[in-house]
Amino acid sequence: RAARGGSMEGATAEDGGPPPFWFELACDGDSRMAGTPASHVAFDLHHDAVVVGWADGMISTYDVFELGVPHSSFKAHPGPVVQITSLGMGGLLSVSSRHLCIHGFGGAPYVSTSLFDSDK
């Protein structure tokens, strides 16, 4: 669901006023939004997508034209996702506090490794 804001007087581009200067987005179709907090949000311009990293290590991708309906959702990390970077057509790079993962846009892992020795 997307709502557009307009000028200070409330005019929008659709009714002949100036173009909107802000956008408000709400994803209320995905059940993950109800309980698990998002730990990182990124934008993938190659896929026109919003990528959300969750506190439980999951990553969800959303088409910007169908927010609320995940394109894909997959477990990438044992803990909260700290950062997500788009690799363009190559997929996504995501990092948690102790883990790094490179995976395809749909979730297939290419590289998944621990950043620290778990025995120490």
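## Strand S8 and its partners

In this predicted model, strand S8 and strand S9 (residues 99–103) pair in the antiparallel sense, with four bridges between them. One of these pairings places Leu-100 of S9 as the bridge partner of Val-95. The connection from S8 to S9 is a hairpin through two residues.

S8 also pairs with strand S7 (residues 81–86); the two run antiparallel and are joined by five bridges. Here Ile-84 stands opposite Ser-94 of S8. S7 and S8 likewise form a hairpin, with five residues between them. Within that turn, Gly-88 has a positive phi of about 70°.

## The two faces of S8

In a regular strand the side chains alternate between the two faces of the sheet. S8 (residues 92–96) shows such an alternation. Leu-92, Ser-94 and Ser-96 point to one face and are buried, whereas Leu-93 and Val-95 point to the other face and are not buried.

## Nonpolar cores

Leu-92 belongs to the largest nonpolar core, which has 10 residues. The other members are Ala-42, Ala-49, Val-51, Ile-59, Phe-74, Ala-76, Val-81, Ile-84 and Phe-105. Strand S4 (49–54) and S7 each supply at least two residues of this core. A second, separate core has six residues, among them Val-50, Val-52, Tyr-62 and Leu-67.

Phe-105, a member of the largest core, is in contact with several residues beyond its neighbours within four places in sequence. These contacts include Ala-49, Phe-74 and Leu-92, which are also members of that core. Phe-105 is further in contact with Asp-44, His-47, Thr-61, His-71, Ser-72 and Gly-91.

## The surroundings of His-77

His-77 is found in the loop between strand S6 (70–75) and S7. Is this residue buried or exposed? Because its relative accessible area is 1%, under the 20% limit, His-77 is classed as buried.

The side chain of His-77 makes two polar contacts described here. One is with the side chain of Ser-94, at 2.7 Å; Ser-94 is among the buried residues of S8. The other, of 2.8 Å, is with the side chain of His-99.

Leaving aside its neighbours within four places in sequence, His-77 is in contact with Ser-94, Val-95 and Ser-96, as well as with His-99, Leu-100 and Cys-101. Asp-56 and Gly-57 are also in contact with His-77. Among these residues are Val-95 and Leu-100, the bridge partners that link S8 to S9.

How values were computed. Residues are numbered from 1 along each chain as its sequence is written. This is a predicted model: local features need pLDDT of at least 70, side-chain atom pairs count only at pLDDT 80 or more; totals for chains, interfaces and linings use all residues. Side-chain values use heavy atoms; hydrogens and water are left out. Buried means under 20% relative accessible area, exposed over 50%, partly exposed in between (1.4 Å probe, protein chains only). Two strands pair if DSSP finds at least two bridges between them. A nonpolar core is a set of buried Ala, Val, Leu, Ile, Met, Phe, Trp, Tyr and Cys residues joined through side-chain atoms within 4.5 Å. Contact means heavy atoms within 4.5 Å. A polar contact is a pair of N or O atoms within 3.5 Å; within protein, one must be able to donate a hydrogen and the other to accept it, and residues adjacent in sequence count only if both atoms are side-chain atoms.
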